[in-house]
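Thank you all for coming. I would like to take you through one model this morning, going slowly and keeping to what the coordinates themselves show.

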Amino acid sequence: MRCQLTGREPGFGNRVSHSQRKTRRRWNPNIQQKRYFVPSLNRNVTLTLSAKGIKTVDKLGIEATVARLRAQGVNL
């Protein structure tokens, strides 16, 4: 579970009860599978994105996002 764009991963820590007993837990990011049509590739691309990653794609546009991912070496 990792966002391809922002790199968000689960966070780890302790669940603390009223008596202060500590047990391990994890906070999962809101990861979604999202499909976009990329005009320059003339096909659909499925990305694994967090909610913040989806907002980033909406802001930058899918073309700029695909260019950024390709520069990072992600195979689309």
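I will begin with confidence, then go through the hairpin, the core, the helices, and finally a few individual residues.

What you have in front of you is a predicted model, and the mean pLDDT of the chain is 95, with 100% of its residues reaching 70 or more. If we go element by element, the lowest mean pLDDT belongs to α2, at 94, and the highest to β2, at 98. As a general caution, where pLDDT is low, the predicted coordinates should not be read in detail.

Let me turn to the hairpin. Strands β3 and β4 pair in the antiparallel sense, over 8 bridges, and one of the residue pairs you can pick out on the screen is Arg-35 with its bridge partner Thr-46 in β4. The two strands form a hairpin with 4 residues between them, and Asn-42, in the turn, has a positive phi of about 60° although it is not a glycine. For context, most residues other than glycine have a negative phi. Asn-42 counts as exposed, because its relative accessibility is 60%.

Where else does a residue that is not a glycine have a positive phi, here of about 70°? That is Gln-20, with its positive phi of about 70°, and Gln-20 is found in the loop between β1, residues 11–16, and β2, residues 22–27. With a relative accessibility of 51%, Gln-20 also counts as exposed, the cut-off being over 50%.

Now to the interior. The largest nonpolar core has 13 residues, and those with the most contacts inside it are Leu-5, Tyr-36, Leu-47, Leu-49, Val-57, Ile-62 and Leu-76. The elements that give two or more residues to this core are β3, β4, α1 and α2. Leu-49 is a good residue to centre the view on, and, leaving out residues up to four places away in sequence, Leu-49 touches a set of residues that includes Leu-5, Ile-31, Tyr-36, Ile-54 and Val-57. That list is not purely nonpolar, since Leu-49 also touches Asn-30, Gln-32 and Lys-34, among others.

Next to Leu-49 in sequence we come to Ser-50, which is found in strand β4. Is Ser-50 buried or exposed? Ser-50 counts as buried, because its relative accessibility is 2%. Again not counting residues up to four places away in sequence, Ser-50 touches Cys-3, Thr-6, Arg-8, Asn-30 and Ile-31.

That brings us to helix α1, which runs over residues 51–60. Within α1, Gly-53, Ile-54 and Val-57 are buried. Seen down the axis of α1, these buried residues fall within an arc of 105°, and they therefore line one face of the helix. What do the buried residues of α1 pack against? They pack against β3, β4 and α2, while the face of α1 turned away from its buried side carries the exposed residues Lys-55, Asp-58 and Lys-59.

The passage from one helix to the other deserves a careful look. Leu-60 is in helix α1, and with a relative accessible area of 40% Leu-60 is partly exposed. Just after α1, Gly-61 takes a positive phi of about 100°, and α2 covers residues 62–71. Leaving aside neighbours within four places in sequence, Leu-60 is in contact with Thr-65 and Arg-68. Thr-65 lies in helix α2 and is buried, its relative accessible area being 0%. With the same neighbours in sequence left aside, Thr-65 is in contact with Leu-5, Val-57 and Leu-60, and of these Leu-5 and Val-57 are also among the core residues with the most contacts.

Finally, a word on charged pairs. How many salt bridges does a search of the whole structure find? The search finds 1 salt bridge, and in it Glu-9 pairs with Arg-2, the closest N and O atoms being 3.0 Å apart. Glu-9 is partly exposed, with a relative accessible area of 47%, and Arg-2 is likewise partly exposed, with a relative accessible area of 49%.

I will stop there, and I am happy to go back to any of these views.

How values were computed:
Residues numbered from 1 in each chain as written. Predicted model: local features only at pLDDT ≥ 70, side-chain atom pairs only at ≥ 80, totals over all residues. Heavy atoms only, no water. Buried < 20%, exposed > 50% of the residue type's maximum accessible area, 1.4 Å probe, protein only. Contact = heavy atoms within 4.5 Å. Core = buried A, V, L, I, M, F, W, Y, C linked by side-chain atoms within 4.5 Å. Pairing = 2+ DSSP bridges. Arc of directions from axis to C-beta. Salt bridge = Lys/Arg side-chain N within 4 Å of Asp/Glu carboxyl O. pLDDT = per-residue confidence, 0-100.
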